[in-house]
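Reader: I should be grateful for a close look at a single part of this structure. Please explain how two of its helices pack and what lies around them.

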Amino acid sequence: MHRDHDGAGDRLAGPSRPGLDRRRWLRLAGVALGGGWAAGCSTAGAARWTWSAPARARVTPALVSPDRVIRVVAGLRPYRPEGFVVRAESFDEKLLVHNYGHGGGGVSLSWGTAEMAADLVDGVGAGEAAVIGAGAVGLATARLLQRRGRAVTIYARDLPPNTTSDIAGAQWSPTSVSDSLDGPFGSKFERAARLAHRHFQSLVGPDYGVRWIDNYFPSDRRMRVADYQSRIRDLYPEWEDLEGDEHPFPTRYARRVGTMFIEPPRYLRALLRDFRIAGGRVVVGEIEDLSQLAALTEPVIVNCTGLGAKALFGDGSLVPVKGQLVVLRPQPEVDYLTVGGGRFSTEGSQYMFPRSDGILLGGTFERGVESLEPDNAQTERILRNHRMFFQAMEDKRRAVNP
């Protein structure tokens, strides 16, 4: 799921084994790699090594094999081609503020759009507020409303660890948010990104599961700067473009940037804990129609339902985008991110994010697909491509440092 997604209104598939034919997968991988499977899975390949060029590029290849898979998960991102919605309207003598539709940037943008939503609530008296949804966006919104003196109740169908936000890759990088950043939405996006980035910096540390990390973009072509990155390039410290032996990856080029990385299971638990310590109330249940919403006693309601806003508020612009992840057994020595894989990346996105609960291999961005069932063919592709990438990375290491 490239790169993150959120919302209690989104849906999440439970963990599952990959369900693929092991012999068939090994045969496919063997053909693709020209053999060498057993040697590639040996512990010798896992030794930490130092690249001969810049000392900063000390990385360990991820060990990728079917027998290291611990779960396969899928979720639906709440994508709007026009971008996220943050706006206020009157509803049954209440103030209704919308904050949804973040696509693949829900975790990254959560604190930014939460602050924008909280600004719309300011000046509407004091007292109580309801937040609908307990994903990353809902929890951030609830906490900011509390900080501004409101008594907040969260109404949600699912709570952590059962929201889509819990399985987000969640590097701080607000991508896949809209079809275009042209026009007024580009300014809204940039403001949300900058606000969110500053909030996340205050949460860095083991308690919230937020840390700084190196993110590499391996590529066989010289890379341009994406539109979303060009607007907030200063938020990516130590940005540098590397070539050839300046980096350890099996591609000609690699871009390295510093970014924050969020571990959603720990992060969301901490936010929910803080919300409750601050006196917040949680009501578990699904709000299925507007009459239930109108029956709430709070005079202020903030809609953070993610994909659920399509049915609840009739937003036909919302499109589900399926993301599938293959999760490997944790490998603590792997402490960097990769996005892309050059010639080793086919038929979809490719990224590796190491979390304490497992190494996430992605992924897919299947627009308009509503199924939450993991696709065995996608599982095979994700494993095969990452396996070839990290094996070629080890081969390059051996060639440079025999």
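Author: Helix H3 (residues 106–121) and helix H5 (residues 184–201) pack at an angle of about 105 degrees, their axes lying 7 Å apart; helices here are DSSP runs of H or I of at least four residues, and strands are runs of E of at least two, numbered from the N terminus. Axes are lines fitted to C-alpha atoms, for helices over the stretch in contact, and angles run from 0 to 180 degrees between N-to-C directions. H3 is therefore roughly perpendicular to H5, a term covering 65 to 115 degrees. The model is predicted: local features need pLDDT of at least 70 and side-chain atom pairs 80 or more, while totals for chains, interfaces and linings use all residues. Residues are numbered from 1 along each chain as its sequence is written, and side-chain values use heavy atoms, without hydrogens and water.

Among the residues that meet are Trp111 and Met116 in H3, and Ala196, His199 and Phe200 in H5, where contact means heavy atoms within 4.5 Å.

Trp111 also touches Tyr267 and Leu271, among others beyond four places away in sequence. In the largest nonpolar core, of 71 residues, Trp111 and Phe200 are among the five that touch the most other members. Such a core is a set of buried Ala, Val, Leu, Ile, Met, Phe, Trp, Tyr and Cys residues joined through side-chain atoms within 4.5 Å; buried means under 20% relative accessible area, with a 1.4 Å probe and protein chains only.

Pro174 lies in the loop between strand E5 (151–156) and H5. Pro174 counts as buried, at 1% relative accessibility, and its contacts include Ser108, Leu109, Phe189 and Ala193.

Technical notes
Parallel < 35°, antiparallel > 145°, perpendicular 65-115°, else oblique. Buried < 20%, exposed > 50% of the residue type's maximum accessible area, 1.4 Å probe, protein only.
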